[in-house]
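Student: Could we go through this model together? I would like to begin with the terms.
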Amino acid sequence: MPVRALVVDPSAPAAVRLAEVPDPVPGPGQVLVAVSHASLNYGDLNDARSGRVPVGAVLGSDAAGVVVEAAADGTGPAVGTRVVALTSGAFAERVAIDGGALAEVPEGLDLAEAAALPVAGVAALRSLRAAGLGPDKRVLVTGASGGVGRFAVQLAARAGAHVIASVGSAARGEGLTRLGADEVLVGLDGLGHPVDVVVDSVGGPQLVAAWSLLAPGGSVQSVGWTSGEPAVFPPYATVGPAKSLTSFVIEGDAGADLAVLTRLAAEGALTVELGWQGSWERFTEAAAALRERRVPGKAVLRVTAGERPTSALLAPHSSEMPRI
Ligand SMILES: NC(=O)c1ccc[n+]([C@@H]2O[C@H](COP(=O)([O-])OP(=O)(O)OC[C@H]3O[C@@H](n4cnc5c(N)ncnc54)[C@H](OP(=O)(O)O)[C@@H]3O)[C@@H](O)[C@H]2O)c1
């Protein structure tokens, strides 16, 4: 039986529509998961238009749900286990997932919260690790009101760092002190002292400004580029005592890091803020809210079983669900 999924379609609003795709067949070491929640990442919006995910392919990276078929080789979680995963093609009712890409969801954490963790949480965790986080470090997080930003603020604070959260407006800074930020700044105004680590999601002029504030030996982790603007370094800005600007991308299996993040969240040591929740049939609305910087934290889509298409809804594409 086919399953419903959000697939890339450049002619649809937000370049995504609901469609039916073949039921996935698990490969070696894969389990079949009935997805109940998926989270929307800024990267998904880029992927839908960049060609990185081909037209007609299922979008998405973050999924949470219940195992409905265990791996044939006996590895991985049993049927009925609640899991969360970082996997390609996550926005579907059922997804075949590698054992290494998922973690069990502990009691005390609901699947909507778990679904918010993979891309944003793993990016925050790994970029901080790569920068060499320590208790006496001054850590600047740009785009701090967003998905990556809110997790980075909390994880850095937990490691004992002095955390400076940079946001686009005072309203977007709300709640960040509660999450562990020692200072909340609009842009980088008023940041007088150098920082040791920058987790940068914004790029552009803010990246240039952050670089100038980096102490010798410090590290900028370039995680994202939501500003969409070029970064123009003034002459000699990169000449001087050694410090680094490092590109960042999530690579390899995320299961082990997801186990860390789900445990922290279940213990209440990591707050998952769901700034937008709704049915995946409202994908276009969720995408607009994310792009327009109206989502504090994460946007989570509820994967509803929904009605099968009726003949009236199918026209003019007889094999497709209505566009959304
Ligand atoms: N490299 C990787 O593996 C990886 C993994 C995860 C994410 N990313 C990237 O990291 C970035 C953030 O992802 P996310 O999921 O955290 O996104 P998000 O939840 O939408 O948050 C984005 C943040 O960027 C800020 N922002 C948006 N547009 C901006 C603009 N025009 N100028 C300045 N700031 C702007 C917003 O800050 P305010 O609302 O405060 O203004 C918002 O808090 C994206 O570029 C994403 O593609 C990369």
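Tutor: Certainly. Ala, Val, Leu, Ile, Met, Phe, Trp, Tyr, Cys and Pro count as nonpolar, Asp, Glu, Lys and Arg as charged, and the others, Gly among them, as polar. This is a predicted model, in which local features need pLDDT of at least 70 and side-chain atom pairs count only at pLDDT 80 or more, while totals for chains, interfaces and linings use all residues. Residues are numbered from 1 along each chain as its sequence is written.

Student: How do the residues of the shell around the ligand divide?
Tutor: The shell around the ligand divides into 13 nonpolar, 13 polar and 2 charged residues.

Student: And which of the 28 residues around the ligand come nearest?
Tutor: Tyr42, Gly143, Gly146, Gly168 and Gly224 come nearest. A residue is near a molecule if its C-beta atom, placed from the backbone, lies within 6 Å of it.

Student: Which domains does the shell draw on?
Tutor: The shell takes at least three residues from each of domain 1 (3–116 + 272–314) and domain 2 (121–247). These bounds come from an automatic or database domain assignment.

Student: How far apart do the C-alpha centres of domain 1 and domain 2 lie?
Tutor: The C-alpha centres of the two domains are 29 Å apart. The contact takes 8 residues from domain 1 and 9 residues from domain 2, where two residues are in contact if their C-beta atoms, placed from the backbone, lie within 7 Å. On the side of domain 1 that touches domain 2, the residues divide into 3 nonpolar, 2 polar and 3 charged.

Student: Turning to helix 4, how many of its residues are buried?
Tutor: In helix 4, 10 of the 12 residues are buried. Buried means that 20 or more other C-beta atoms lie within 10 Å of the residue's own, with C-beta atoms placed from the backbone. The buried residues include Arg150, Phe151 and Gln154. Helices (H or I, at least four residues) and strands (E, at least two) are DSSP runs, numbered from the N terminus.

Student: What covers those buried residues of helix 4?
Tutor: The cover includes helix 3 (118–131) and strand 8 (138–142), together with strand 9 (162–167), strand 11 (195–200) and strand 15 (298–302).

Student: Why does the span of helix 4 agree with what is expected?
Tutor: At 1.5 Å a residue, the 12 residues of helix 4 (residues 147–158) should span 16 Å, and the end C-alpha atoms are 17 Å apart, which agrees. The expected span is 1.5 Å times one less than the number of residues. Helix 4 is followed by Gly160, whose phi is positive, near 90°.
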